[in-house]
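Colleague: I'm new to this one and would rather get to know one corner well than skim the whole thing. Could you pick a spot and take me through it slowly, telling me who touches whom?

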Amino acid sequence: MPLFEQMESLVIITLTAKTVPIEKLKEQIQIIIKTLSIIVERHRKRHERDPTKPRFRGLRRIECTYTRDKLLHPHFHLLLEGSLDYGWEIIHDWLELMPNTHIAAQKPILADKDSHWEMFK
């Protein structure tokens, strides 16, 4: 049975970071990967201490778009098992660890049965 069919509810979360010039892209990607790793570990430990807490389970995809000013915008798309509330928990952790990001750029949405295709475009 595919992973997504086993999950009760899914949420798609976009986590963004500051737009950077190409010279800083590698550094910015390393920062956001490390930041997400910290969040995954936090949620793993929370779930171990209290199994009623959701565990971080799903897919992540990193994407990089560019602006007309030739700046690059790396960000994550996550497809996770959980509710919108869980999505906001992840965003809260992201904003705590990435204080130069804006809450308006982070968003969770409930996924439907076809949402996982967004991860593979």
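Modeller: Let's start with T14, which counts as buried because its relative accessibility is 11%, and the cut-off for buried is under 20%. Keep in mind that this is a predicted model. T14 sits in strand 1, and its side chain makes a polar contact of 3.4 Å with the side chain of H77. If you skip the neighbours within four places in sequence, T14 is in contact with H75, F76 and H77, and also with A105, Q106 and K107.

A quick look at the whole chain will help you find your way. There are 3 helices and 4 strands, and reading from the N terminus they come in the order α-β-α-β-β-α-β. The chain has 121 residues, and 37% of them count as buried. Take the contacts between residues at least 6 apart in sequence: 70% of those join residues at least 24 apart. On the outside, about 7,800 Å² is exposed, with carbon and sulfur atoms supplying 56% of that area.

Now for the part I'd like you to zoom in on: helix 3. Strand 1, where T14 has its place, is one of the elements that the buried residues of helix 3 pack against; the others are helix 2, strand 3 (72-81) and strand 4 (107-110). At the start of helix 3, a side-chain oxygen of S83 comes to within 3.3 Å of the backbone nitrogen of D85. The helix then runs for 14 residues and spans 20 Å from first C-alpha to last, close to the 20 Å expected at 1.5 Å a residue. Which of its residues are buried? They are Y86, G87, I90, I91, D93 and W94. Looking down the axis, these buried residues fall within an arc of 160°, so they line one face of the helix. Swing round to the other side of helix 3 and you find D85 and H92, which are exposed.

Next, have a look at how helix 2 meets that buried face. H43 belongs to helix 2 and is buried, with a relative accessible area of 1%. The side chains of H43 and D93 are joined by a polar contact of 2.7 Å. Leaving out residues up to four places away in sequence, H43 touches Y86, E89, I90 and D93, along with P54 and F56.

Charged side chains come into it as well. Side chains of opposite charge can pair when their charged atoms come close. In this structure there are 8 salt bridges. One of them links E96 and R42, whose closest N and O atoms are 3.0 Å apart. Since E96 lies in helix 3 and R42 in helix 2, the pair ties together parts that are 54 residues apart in sequence. Both ends are partly exposed: E96 has a relative accessibility of 46%, and R42 has 23%.

Another salt bridge pairs R46 with E89, with 3.9 Å between the closest N and O atoms. Here R46 is the helix 2 partner and E89 the helix 3 partner, so this pair ties together parts 43 residues apart in sequence. R46 counts as partly exposed at 25% relative accessibility, and E89 is partly exposed too, at 32%. Salt bridges that share partners join R42, R46, E89, D93 and E96 into one network. You've met D93 already: that's the residue whose side chain makes the polar contact with H43.

For contrast, try a salt bridge inside helix 2 itself. The side chains of E41 and R44 meet at 2.3 Å, N to O. Both residues lie in helix 2 (residues 25-49), 3 residues apart, or about one turn of the helix. E41 is partly exposed at 30% relative accessible area, and R44 is partly exposed at 35%.

If you want one residue to come back to, I'd choose D93. D93 is among the buried residues of helix 3, has a polar contact with H43, and belongs to the salt-bridge network with R42, R46, E89 and E96.

Note on methods
Residues are numbered from 1 along each chain as its sequence is written. This is a predicted model: local features need pLDDT of at least 70, side-chain atom pairs count only at pLDDT 80 or more; totals for chains, interfaces and linings use all residues. Side-chain values use heavy atoms; hydrogens and water are left out. Helices (H or I, at least four residues) and strands (E, at least two) are DSSP runs, numbered from the N terminus. Buried means under 20% relative accessible area, exposed over 50%, partly exposed in between (1.4 Å probe, protein chains only). Contact means heavy atoms within 4.5 Å. Accessible areas come from the Shrake-Rupley method with a 1.4 Å probe; for residues, only the protein chains shown count as cover. A salt bridge is a side-chain nitrogen of Lys or Arg within 4 Å of a carboxyl oxygen of Asp or Glu. The expected span of a helix is 1.5 Å times one less than its number of residues. The arc is that of the directions from the helix axis to the C-beta atoms. A polar contact is a pair of N or O atoms within 3.5 Å; within protein, one must be able to donate a hydrogen and the other to accept it, and residues adjacent in sequence count only if both atoms are side-chain atoms.
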